[in-house]
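Biologist: Got a minute to walk me through this protein? I'd like to go over its inside, its domains and any odd backbone spots.

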Amino acid sequence: MEPTDYYPVPHAVAKHANLDANDYQQLYQYSITHPEQFWEEQAKARLSFSKSWDTVHNSNLSQGKIRWFEGAQLNIAYNCIDRHLKKHADKVAFIFEHNDPTQSYSLTYQQLHEQVCKLANVLKAYGIEKGDRVCIYLPMIAEAAIAMLACARIGAIHSVVFGGFSADALANRIDDCQAKVMITSDGGYRGNKITPVKANVDKALQHTSYIKHVIVIEVTKTPIDWNSERDIWYHHVMEKANNDCPCEPMQAEDPLFILYTSGSTGKPKGVLHTSAGYLLYAATTFDYTFDYHEGDIFWCTADIGWITGHSYCVYGPLANGATSVLFGGTPDYPDYSRFWQVIDKHQVNLFYTAPTAIRSLMRQGNAPLQTTSRQSLRILGSVGEPINPEAWHWYYHHVGQERCRVVDTWWQTETGGHLLTPLPGATPLKPGCATQPFLGIQPAILDTDGNECQGACEGILVIKQDWPGMLRSIWQNHQRFIDTYLAPYKGYYFTGDGAKRDQDGDYWITGRMDDILNVSGHRFSTAEIESTLVKHPAVAEAAIVGYPHDTKGQGIYAYITLMNNTQPSDDLKKQLISYVRQKMGPIYGIDLIQWAPNLPKTRSGKIMRRLLRKIAANKLDNLGDTSTLADSDALNNLIEDRQNIETP
Ligand code: WT7
């Protein structure tokens, strides 16, 4: 390995860090040989319980039974807010940085407490009880975090749906979890655009009848339709609400939230996280991965609609009594220096973003950096997809001025928090490498027969033991939970990712092993996009694959077979692209379409995606074994025609 591709921990960093290399080694060994003692100590140090547990750990991974701290009682909002009030009532919990840079404000823990109690009382007044589901469909505003915490306070289960999902996608999620109340807004800001939010809710509610009340937050003051039997202005009800709301005592394993994520087959999965274990894992990873010190300002740029927003905008920071910046804007508005401006403005110490954002800013060159100092930064985090070395170097050398440790955190919606990551004071860095397991995590690499590989190797990444932050089920489909994660390799949690382990025992993620795409750090199911496309009257058949894309990581490439009576045209391509965006949401932007009069299939009728991926990537030199193809003309025609498709 090149010496420049290896960044040992500077002595001064190790000295001031929460954990240095020795601490990590010792604690890690302890955490995997004595997991119950380890997590029990962490729980005692980090959380407040109103009743202690009977057992720390009572799981059976292959049977799909995952239980931590059974018998214990706690409340998540109490742990995130109330217990900090004694010493830190006036400390800032959230800094909200508005899309418009002149409109930012802060909420102290005391102020947050008041808002959360009021909204919790409003929810109760509209019939929400412990265990009921509340859907949150909002742009990135502080009220999104308030809404999550209000649910947690009264034991309601929140299901946040990202604002970039369509009305149909929203309706499906409401149906699946049978949410009774919706919390939304009139509109949202995104750069110089205003996005329709309430209009999508209105559309979604034509297709589902579970929602009884819609609480609407006034954000953009744009005109909206109003259904007076159902719709309620947030500011009206909040004005009158009582600010005293006791915390509902919850069992450790009571559900905290459902968050939908794409699977490789079928409809999106409602990933279910529960209370004590999830919060403990979010709190512990936040503390160690970002080397949090009292007084640090932390900024995670993710939207609350994703797990990153749940664990590292809200639950992890607040459980640590930290100050968390919530960002309602975009990296390019008003210009490409926005991230760096915000870092200087709020003196951000710990910064956490996605490779896709880093790459798109890197493309702008260093001029936008030069107007800012970024001296406050100490840690730079990355999440969502592998960070390519070029982007890593730019992040490390230019954004962080070679002073900041880069933590490349690998994890998933299902894992609740980081599973593989460097720790700032403990782990030498390698660009593009997620390095070492977090405390309590035992990764393994399997070959295709399911045997564990030793030493340096490459294969299927699995986890050997459950951990407190792991999902407990798929909402109302426990069998799917077992089938997806636990049945593929008995006794292991199956991640769906491939990985390499090098000579030093460091882990490198090689990408998904299934038909899931990672576009700009978001998960897309190829099957879901295909089934949307075939609903269009012009489409007979569709196959979606990913291809390498400069900023998005992967782009979406669609092969489409048209109905016999339909003529291909550029106009039809545009129509199909907008059809998918409209049906699934604006984040589902197909990048390229290739007409496929026939798709290459095996004799048993299976589409040969491996070949389609090669054609999409324009990597035609080595197609591998094509002997199982039913009709080689289909393949040859696609290869020939590929040259006519321009890769943007
Ligand atoms: C998938 C999970 C985890 C929150 C954001 C995405 C990929 C995530 C990394 C990383 C390489 C990564 C994996 C994983 N991924 N982080 N640091 N290096 N790949 O959550 O939507 O559940 O997606 O994102 O493929 O399985 P998600």
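Modeller: Sure, and keep in mind that this is a predicted model. Let's start with helix 16: its buried residues pack against strand 15 (269–274), strand 23 (473–474) and strand 24 (493–501).

Biologist: Which residues of helix 16 are the buried ones?

Modeller: In helix 16, which covers residues 478–486, they are Arg480, Phe481, Ile482, Tyr485 and Leu486.

Biologist: Anything general about helices that helps me read that list?

Modeller: An α-helix has 3.6 residues a turn, so residues three or four places apart point the same way.

Biologist: OK, domains. How is the chain divided?

Modeller: There's domain 1, made of 3–442 + 481–487, and domain 2, which is 520–642. In the contact, domain 1 takes part with 22 residues and domain 2 with 19 residues.

Biologist: And what separates their centres?

Modeller: Going by C-alpha atoms, the centres of domain 1 and domain 2 are 34 Å apart.

Biologist: Where does the second largest pocket lie?

Modeller: Both domain 1 and domain 2 give residues to its lining, so the second largest pocket lies between them. The space in that pocket comes to about 390 Å³.

Biologist: Which residues should I click on to find its centre?

Modeller: Of the 20 lining residues, Ala169, Asn172, Glu528, Thr532 and Lys535 lie nearest the centre of the second largest pocket. Helix 7 (167–177), helix 17 (526–533) and helix 18 (570–584) each give two or more residues to the lining. Helix 7 has the largest share, with six residues.

Biologist: What's the lining like by class?

Modeller: The lining of the second largest pocket has eight charged, eight nonpolar and four polar residues.

Biologist: Now the closed holes. How many cavities of 30 Å³ or more are there?

Modeller: The count is three. The largest cavity has a volume of about 60 Å³, and its lining includes Trp39, His57, Gln442 and Asp466. Helix 2 (21–33) and helix 3 (35–46) are the elements that give two or more residues to that lining.

Biologist: And its mix of classes?

Modeller: Five polar, three nonpolar and one charged, for the lining of the largest cavity.

Biologist: Switching topic: I've been eyeing Ser324. Is Ser324 buried or exposed?

Modeller: Ser324 counts as buried, because its relative accessibility is 0%. You'll find Ser324 in strand 17, residues 323–327.

Biologist: What does its side chain have for polar company?

Modeller: A polar atom of the Ser324 side chain lies 2.8 Å from the backbone oxygen of Cys313. Leaving out residues up to four places away in sequence, Ser324 touches several others, among them Phe94, Phe298 and Tyr312.

Biologist: Good. What about odd backbone geometry?

Modeller: As background, most residues other than glycine have a negative phi, and most peptide bonds are trans. Here the peptide bond from Tyr333 to Pro334 is cis, with omega near -5°. Pro334 lies in the loop between strand 17 and helix 12 (338–346).

Biologist: Where do you see positive phi?

Modeller: Arg374 has a phi of about 60°, and Gln401 has one near 50°; neither residue is a glycine.

Biologist: Where do those two sit?

Modeller: Arg374 is in the loop between helix 14 (367–370) and strand 19 (379–383). Gln401 is in the loop between helix 15 (389–399) and strand 20 (405–409).

Biologist: Buried or exposed, those two?

Modeller: Arg374 counts as buried because its relative accessibility is 3%. Gln401, at 31%, counts as partly exposed.

Notes
Residues numbered from 1 in each chain as written. Predicted model: local features only at pLDDT ≥ 70, side-chain atom pairs only at ≥ 80, totals over all residues. Heavy atoms only, no water. Helix = DSSP H or I, 4+ residues; strand = E, 2+ residues; numbered from the N terminus. Buried < 20%, exposed > 50% of the residue type's maximum accessible area, 1.4 Å probe, protein only. Polar contact = N/O pair within 3.5 Å; in protein donor to acceptor, adjacent residues only side chain to side chain. Contact = heavy atoms within 4.5 Å. 1 Å grid on protein atoms, 1.4 Å probe; cavity = no way out; pocket = protein on both sides within 12 Å on 5 of 7 lines; lining within 4 Å. Points joined across faces, edges and corners; volume = space filled by probe spheres on them. Nonpolar A, V, L, I, M, F, W, Y, C, P; charged D, E, K, R; others polar. Domains from an automatic or database assignment.
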